[in-house]
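Please open the model in your viewer and keep the sequence panel beside it, since each stop on this tour begins with a selection.

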Amino acid sequence: MAQSKLVMALLVAVLAAGCCASAGAVAYLSKLPVTLDVIASPSPGQVLHAGEDVITVTWALNASRPAGDDAAYKNVKVSLCYAPASQKEREWRKTHDDLKKDKTCQFKVAQQPYAGAGGRVEYRVALDIPTATYYVRAYALDASGTQVAYGQTAPAAAFNVVSITGVTTSIKVAAGVFSTFSVVSLAFFFFIEKRKKNN
Ligand SMILES: *[C@@H]1O[C@H](CO)[C@@H](O)[C@H](O)[C@H]1NC(C)=O
């Protein structure tokens, strides 16, 4: 009996810890201050090719912010975000104010420790980035990894990514088929050879 009570108590403690750890980490975009100035290298409307082209993103605390405004910033997370035109009629790219549910900025560009002088990253557009129009957002994260501020490039400065995922997928399928075929034929000829020897 005492044992089952102990188990119950442990269970309750674990559940409580789980609930409150996540409850403390909810961030809403509309409540975050816009404190980071973010610049991305593509010119407005530029077409970038996934797997080839490189973009440079720089960020810094806006000079009009009071000193110490960034005291809680521990890391900066930079992401590619779908421009509104690429979100239309696509539920899976929908914007949510609750950042745990938000699907706008799904593609991580980089995460770096925050530096008061700002930061910079060079990023080659990953092969799995879908064809769409994007802008760049940088979140300041506190020690718990929660977003506490952000900045982004102007939606008018959005750029386009052209994906070649379709090609790579068919190449992968073809490679898969041929490698399976080669294993099967190797086994087949091995079997034939063995039979010949036994006869
Ligand atoms: C800094 O913030 C102010 C006020 O939000 C804004 O008007 C200004 O454009 C920002 N500076 C830069 C370099 O983005």
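Over which residues does pLDDT stay under 50? Select residues 18-23: pLDDT stays under 50 throughout this stretch, and the model has zero contacts for it beyond four places in sequence. Where pLDDT is low, the predicted coordinates should not be read in detail. The whole model is predicted, with a mean pLDDT of 86 for the protein, and 83% of its residues reach 70 or more.

Now colour by secondary structure, which shows two helices and nine strands, following the pattern α-β-β-β-β-β-β-β-β-β-α along the sequence. Among the contacts between residues at least 6 apart in sequence, 75% join residues at least 24 apart. Of the 199 residues in the protein, 20% are buried.

For the next stop, select L36, V57, Y134, V136, A138 and A140, which are the residues with the most contacts inside the largest nonpolar core, a set of 30 residues. At least two residues of this core are supplied by each of strand 1 (36-40), strand 3 (54-61), strand 4 (75-82), strand 7 (132-141), strand 8 (147-152) and strand 9 (159-162), and the largest share, eight residues, comes from strand 7. In soluble globular proteins, nonpolar side chains tend to be buried together.

Centre the view on V136 and display its surroundings. Leaving aside neighbours within four places in sequence, V136 is in contact with V38, A40, V57, V78, L80, C81, Q152 and T153.

From V57 the tour can move to a sheet, where V57 stands opposite V121 in strand 6. Strand 3 and strand 6 pair in the antiparallel sense over six bridges. Show strands 1, 3 and 6 together, and you have an open sheet of three strands in the order 1-3-6, with antiparallel pairing. Its edge strands are strand 1 and strand 6 (119-124), each of which pairs on one side only, and the twist averages 15 degrees from one strand to the next.

Finally, select R93, in the loop between strand 4 and strand 5 (107-113). Is R93 buried, exposed or partly exposed, and why? R93 has 19 other C-beta atoms within 10 Å, and because a residue counts as buried only from 20 such atoms and as exposed at 12 or fewer, R93 is partly exposed. Leaving aside neighbours within four places in sequence, R93 is in contact with Y82, S86, Q87, K103 and T104. To end, draw a C-alpha to C-alpha distance from R93 to K103: these two residues are 10 residues apart in sequence and 4.8 Å apart in space.

Notes. Residues numbered from 1 in each chain as written. Predicted model: local features only at pLDDT ≥ 70, side-chain atom pairs only at ≥ 80, totals over all residues. pLDDT = per-residue confidence, 0-100. Contact = placed C-beta atoms within 7 Å. Core = buried A, V, L, I, M, F, W, Y, C linked by C-beta atoms within 7 Å. Helix = DSSP H or I, 4+ residues; strand = E, 2+ residues; numbered from the N terminus. Pairing = 2+ DSSP bridges. Axes fitted to C-alpha atoms, helices over the stretch in contact; angles between N-to-C directions.
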